[in-house]
Amino acid sequence: MSAQAEPLRLALLGNPNCGKTALFNQLTGSRQKVANYAGVTVERKEGRLVSPSGRSYALLDLPGAYSLNPASLDEAVTRDLCRGFYPGEAAPDVLVCVVDATNLRLHLRFVLEVRQMGKPMIVALNMSDAAARRGIAIDRAGLERELGVPVVETVAVRRNGARALLELIDRVAANPHPPAVQLPADADLHAETRRLLGATVSMPARTAKIDDALDRWLLHPFFGLATLAVVMFLIFQAVYAWATPVMDLIDAGTAALGEWVGSRMAEGPLASLLVDGIIAGLGGVIVFLPQILVLFAFILALEESGYLPRAAFLLDRMMAGAGLSGRSFIPLLSSFACAIPGIMATRSIQDPRDRLATILVAPLMTCSARLPVYALLIGAFIPSREVWGGFNLQGLVLFGLYMAGILSALAVSWVMKKWRRDKGEHPLMLELPSYRLPNPRDLLIGLWERALIFLKRVGGIIFALTVLLWVLLTFPAAPPDATLPAIDYSLAGRIGHALTAVFAPLGFNWQICIALIPGLAAREVAVSSLATVYALSAADDEAAAQALSPVISDGWSLATGLALLVWFIYAPQCIATWAAIKRETGSWKTMAMAAGYLFALAYLASMLTYQVAVRLGAG
Amino acid sequence: MRTVLDTGSIVTLSELPPRTPVIVESVEDRQPNDPVARRLRELGFVAGEPVQVVARGPFGGEPLLVQVGYTRFALRRIEAARVRVAAAGEAAA
């Protein structure tokens with residue numbers, strides 16, 4: 001054999017939600033996101049794979065497609081790559097066509113369409129364990145003969161579930177040849193699919209019993225909606241109820257650390273940077289990790305279960321009325337984690353107007369970076385007591401804030417729809433997958449990764465901004481004849497005081513104004529910034545080591561607290577989100593429009609809240 | 001509401017009561033080269049294929065959940081209206 005200069009290029013393709021990415025992770029050892037709905041992967045991913053025999057390959061993971069006639073942007077990526085039209089990328093040498101063994105009627109047709117390209121290919125019968133459990137018998141050798149391409153069974157979610165595929169890849173790579181069987185270009189692929197199914201597959205029932213039973217309840221006009229409401233509501237209660245004990249521990253830990261460091265070091269700029277800047281600032285953000293993890297535990301479990309497309313089904317009509325679509329539901333739900341993956345996930349929305357509307361309102365979904373801000377303010381201003389027999393008032397307010405974001409999104413997209421006078425047809429055509437029990441191991445891995453992402457943010461951008469802010473708050477130093485606290489003479493102090501002119505109608509004091517600016521880079525920084533501002537303006541070290549929450553609940557009026565909460569519902573989103581909007585829409589104008597309308601809404605709603613609260617005596 | 005399909009009558013999927021097994025006759029183009037109709041055919045809505053509506057959405061009976069092959073798709077009524085169906089008995093012959 002000749003020496004391999006370039007590794008052979010393999011591509012995984014197939015219908016949406018057949019387990020391509022799970023297989024990709026298994027083969028390459030990566031940890032790309034997998035979930036149970038169509039359209040998790042919206043762009044190509046590349047990895048390296050070394051087979052047991054030591055050969056190395058480049059493996060591409062492509063977005064799922066129902067057909068090589070693309071109906072959406074993610075499907076177009078798949079078509080272009082397979083055909084070799086994708087800019088800067090050679091066509092793959094061998095196609096690995098992945099099919100869901102429980103859903104062959106749909107998936108085999110796509111295999112036939114791919115086979116028409118005449119490239120060397122392999123068919124991976126994935127989820128063969130689930131097929132066996134449902135009593136589906138597939139004659140693998142028969143299918144291989146009829147299709148004229150090698151067929152192999154895989155279980156992408158099981159360790160070593162792709163070993164047979166690896167061996168087959170080696171064999172095919174040694175001697176790649178086009179499919180042995182080829183139909184004429186105008187052949188009826190559906191008829192051929194039926195013939196193949198009749199010849200090689202026996203299936204006791206067309207659907208899984210458990211799916212039928214669950215769908216009867218979960219899609220029921222009344223019980224289905226009630227279940228959805230209860231699920232969403234429970235999540236927000238749990239965020240408060242389950243996370244508090246751990247948070248108290250972290251709070252106590254940071255305070256103790258700050259005092260300990262303060263007592264060991266000589267007074268001076270360095271001690272101030274460590275205690276007031278880094279420990280107070282970062283500690284103030286890290287304390288919210290438990291809440292973020294509880295939220296993600298629910299989101300990950302829901303994604304794995306296959307429930308999300310059901311929720312999209314239930315809400316489609318309502319969302320269509322507001323100028324969105326059921327397909328917008330999953331991108332918008334992803335935006336609760338972070339708007340950036342949410343905005344990217346809109347690529348699976350076929351209709352360009354629905355997609356644009358979804359992108360524009362995605363920042364209104366309360367991302368996890370806003371959770372620390374909400375949690376801080378709710379902790380400081382909303383009493384923790386039981387209302388209506390057992391509900392935690394703080395949890396209720398949090399739920400209300402999330403709902404306010406959702407309702408605002410519906411209102412904004414409704415206005416856009418009216419504005420466009422849009423009467424056109426927006427297709428839905430959404431697949432509802434089989435239910436799956438979330439795998440605890442995958443859940444834990446997912447949570448671990450979220451924790452790492454969060455801690456990296458804390459150690460990276462939040463750390464950097466906190467230090468920068470400390471510098472701006474400390475220098476220039478106060479003149480010797482100063483009458484005001486030193487912080488008032490610092491650069492940031494002056495900026496904060498200047499901004500109060502703009503934000504006074506909202507009840508924001510200069511400390512808040514300072515915190516809003518770094519909050520543009522990462523919203524959690526608003527919390528660490530407040531912590532640093534207050535630590536630096538504290539009269540003595542003991543006050544500086546205090547937790548932030550009591551400081552602001554003593555220092556601010558209730559009206560200010562509420563106004564800031566409302567500000568963050570709309571919070572002109574972070575710079576990274578602006579960049580994502582620019583990238584996904586290719587338009588500066590759209591980006592400016594998104595940033596502008598969010599700022600305007602934030603300002604108006606926040607001012608309204610403050611003024612009303614003051615009139616009601618909360619000033 | 002119509003409950004049973006008369007022999008020989010052809011209706012569209014959107015008019016069908018839930019859990020009535022039928023057979024696809026054809027998918028109609030609403031406009032030349034209709035992308036929605038093309039996609040429906042790719043998803044398996046082709047002549048002779050058994051289908052049924054298994055559920056309806058809570059608001060205004062939309063969308064419809066349609067079983068085709070081994071798969072369930074949520075279709076808006078205007079999409080389902082492109083699919084012409086006939087009673088299960090005769091088309092199977």
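Modeller: Two strands pair if DSSP finds at least two bridges between them, where a strand is a DSSP run of E with at least two residues and a helix a run of H or I with at least four, both numbered from the N terminus. What follows rests on a predicted model, in which local features need pLDDT of at least 70 and side-chain atom pairs count only at pLDDT 80 or more, while totals for chains, interfaces and linings use all residues. Residues are numbered from 1 along each chain as its sequence is written, and chains are lettered from A and ligands numbered from 1 in the order in which they are written.

Biologist: What makes β3(B) and β4(B) a pair, and is their sense parallel or antiparallel?

Modeller: Six bridges join β3(B) and β4(B), set against a requirement of at least two, so the two strands count as paired, and their sense is antiparallel. Within this pair, B:F59 has B:E62 of β4(B) as its bridge partner.

Biologist: Which strands make up the open sheet that holds this pair, and in what order?

Modeller: The sheet has seven strands in the order β11(A)-β5(B)-β4(B)-β3(B)-β2(B)-β6(B)-β1(B), with antiparallel pairing. Neighbouring strands in it are turned by 40° against each other on average, direction ignored.

Biologist: Why is one side of β11 of chain A and of β1 of chain B left without a neighbour?

Modeller: β11 of chain A and β1 (10-12) of chain B stand at the edges and have a single partner strand each, so one side of each has no neighbour in the sheet.

Biologist: How do you know that β11 of chain A pairs with β5(B)?

Modeller: Three bridges link β11 (residues 430-432) of chain A to β5(B), where at least two are needed, so the pairing holds across the two chains. The sense is antiparallel, and A:L430 has B:A74 as its bridge partner in β5(B).

Biologist: What else touches this sheet, and at what angle to β3(B)?

Modeller: Helix α13 (residues 308-321) of chain A packs on the sheet, touching β11 of chain A together with β3, β4 and β5 of chain B, and its direction makes about 65° with that of β3(B). Such angles run from 0 to 180 degrees between N-to-C directions of axes, which are lines fitted to C-alpha atoms, for helices over the stretch in contact.

Biologist: How many residues does each chain give to the contact between chain A and chain B?

Modeller: Residues are in contact if their C-beta atoms, placed from the backbone, lie within 7 Å, and the contact takes 28 residues from chain B and 29 residues from chain A. On the side of chain B, the elements that supply at least two residues each are α1 (35-42), β3 (50-59), β4 (62-68), β5 (71-75) and α2 (77-80).

Biologist: What is the residue make-up of that side of chain B?

Modeller: It divides into 15 nonpolar, six polar and seven charged residues, where Ala, Val, Leu, Ile, Met, Phe, Trp, Tyr, Cys and Pro count as nonpolar, Asp, Glu, Lys and Arg as charged, and the others, Gly among them, as polar.

Biologist: What makes helix α1 of chain A mostly covered?

Modeller: A residue is buried if 20 or more other C-beta atoms lie within 10 Å of its own, exposed if 12 or fewer, and partly exposed in between. In α1(A) (residues 20-28), eight of nine residues are buried, including A:F24 and A:L27. These buried residues pack against β1, β2, β3, β4 (94-100) and β5 (121-126) of chain A, and just after the helix A:G29 takes a positive phi of about 75°.

Biologist: Why is the pairing in the open sheet β2-β3-β1-β4-β5-β7 of chain A called mixed?

Modeller: This six-stranded sheet has mixed pairing, as two of its pairs illustrate: β1 (residues 8-14) and β3 (residues 56-61) of chain A are parallel over five bridges, whereas β2 (residues 45-50) of chain A runs antiparallel to β3(A) over six. A:L60 in β3(A) is the bridge partner of A:A11, and A:E46 also stands opposite A:L60. In the hairpin of β2(A) and β3(A), with five residues between the strands, A:G54 takes a positive phi near 95°.

Biologist: How are α26(A) and α27(A) arranged: at what angle do they cross, and is the crossing left-handed or right-handed?

Modeller: The axes of α26 (residues 575-585) and α27 (residues 588-618) of chain A come within 8 Å and cross at roughly 145°, and the crossing is right-handed. A crossing is right-handed if the near helix is turned clockwise from the far one by less than a right angle, and left-handed if anticlockwise. Among the residues making the contact are A:W578 of α26(A) and A:W588 of α27(A).

How values were computed:
Two residues are in contact if their C-beta atoms, placed from the backbone, lie within 7 Å.
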